[in-house]
Amino acid sequence: MNNRSILAIILIGGLIAGLSLFFVLGFLNFGAESREETPAPKIISCDSSGAEKNFFITGETIYFKGSGFNANITAYVYVVSDVNWTDGMPIPARVANTTTEVATDASGNFGVTKVWHSAVHGQYDIVVDTNGDGKYNSAIDALDNNNIVGAAGFLVTPEYPLGAVLALAACFAAFAVINRKSLSLPKRA
Ligand SMILES: [Ca+2]
Ligand SMILES: [Ca+2]
């Protein structure tokens, strides 16, 4: 065998190895993409008509709705104080007097569902634990999270008395007048 044929064998061998690697990587990548086609289910906090709502007043009723679940399952619902979620973490204790279960329909959805009859002041998230293991699994469980500043799913604030609102409005008006005056001062040469 001369040097030329050895070189040719090395080149052909390299080419075959390269092509095989290309196809194997392409196949693995395709597999990853097809897995991503099943997104995690979604939930949102909403009002009684189903419109998304993230700001509530103490004593208001809070609703939620969801889609993208497995069909005809009973999943476990937790309203919890706002936390940072990481995959696999245990779900914190449920807030008292909130809904504990929800059932999905034949399409894997559930419509507007009351989750908390009379909400208490605070920042909260909702998680639906679909496999009932008491842990948050990002691929299969649904979160209502990151909808307000501070990253909570919804906020419940006390209702301010009318007097306080009027006083605040007066402050804003006074501030606007002062601002106007300072703007109309003659400029220095
Ligand atoms: Ca889970
Ligand atoms: Ca929300």
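# Exercises on strands, core and loops

β4 and β7 form an antiparallel pair joined by 6 bridges. Two strands count as paired if DSSP finds at least two bridges between them. This is a predicted model: local features need pLDDT of at least 70, side-chain atom pairs count only at pLDDT 80 or more, and totals for chains, interfaces and linings use all residues. Residues are numbered from 1 along each chain as its sequence is written, while chains are lettered from A and ligands numbered from 1 in the order in which they are written.

## Exercise 1: The elements

Task: State how many helices and strands the protein chain has, and give their order.

Solution. Start with the terms. Helices (H or I, at least four residues) and strands (E, at least two) are DSSP runs, numbered from the N terminus. The protein chain has 2 helices and 9 strands. Now read from the N terminus: the order is α-β-β-β-β-β-β-β-β-β-α.

## Exercise 2: Partners of β4

Task: Find the residues that stand opposite V77 and A75.

Solution. Take V77 first. Its bridge partner is V128, in β7. Next comes β5 (residues 101-103), which is antiparallel to β4 and joined to it by 3 bridges. Here A75 stands opposite V102.

## Exercise 3: A covered strand

Task: Decide whether β1 is mostly covered or mostly open, then name the bridge partner of I43.

Solution. Fix the cut-offs. A residue is buried if 20 or more other C-beta atoms lie within 10 Å of its own, exposed if 12 or fewer, and partly exposed in between; the C-beta atoms are placed from the backbone. In β1, 4 of the 5 residues are buried, and the strand is mostly covered. For the protein chain, buried residues make up 19% of 189 residues. Now look across from β1. It runs antiparallel to β3, with 5 bridges between them. I43 has G66 in β3 as its bridge partner.

## Exercise 4: The nonpolar core

Task: Name the residues of the largest nonpolar core that touch the most other members, and the strands that supply at least two residues each.

Solution. A nonpolar core is a set of buried Ala, Val, Leu, Ile, Met, Phe, Trp, Tyr and Cys residues joined through C-beta atoms within 7 Å. The largest one holds 25 residues, and F64, V77, V115, I126 and V128 touch the most other members. β1 (42-46), β3 (62-67), β4 (74-81), β6 (110-116), β7 and β9 (154-157) each supply at least two residues. Zoom in on V115. Residues are in contact if their C-beta atoms, placed from the backbone, lie within 7 Å. Beyond four places in sequence, V115 contacts I62, Y63, F64, V77, V79, T98, T99 and I126.

## Exercise 5: Three loop residues

Task: Place N72, A151 and K135 in their loops, and say how open each one is.

Solution. N72 sits in the loop between β3 and β4. It counts as exposed because it has 11 C-beta neighbours inside 10 Å. Its phi is near 50°, a positive value in a residue other than glycine.

A151 lies in the loop between β8 and β9. A151 is partly exposed because 14 other C-beta atoms lie within 10 Å. Its phi is near 75°, again positive in a residue other than glycine. Most residues other than glycine have a negative phi.

K135 belongs to the loop between β7 (122-129) and β8 (142-144). It is partly exposed because it has 14 C-beta neighbours inside 10 Å. Leaving out residues up to four places away in sequence, K135 touches G88, M89, P90 and I91. K135 and P90 are 45 residues apart in sequence, yet 4.2 Å apart from C-alpha to C-alpha.

Methods:
Two residues are in contact if their C-beta atoms, placed from the backbone, lie within 7 Å.
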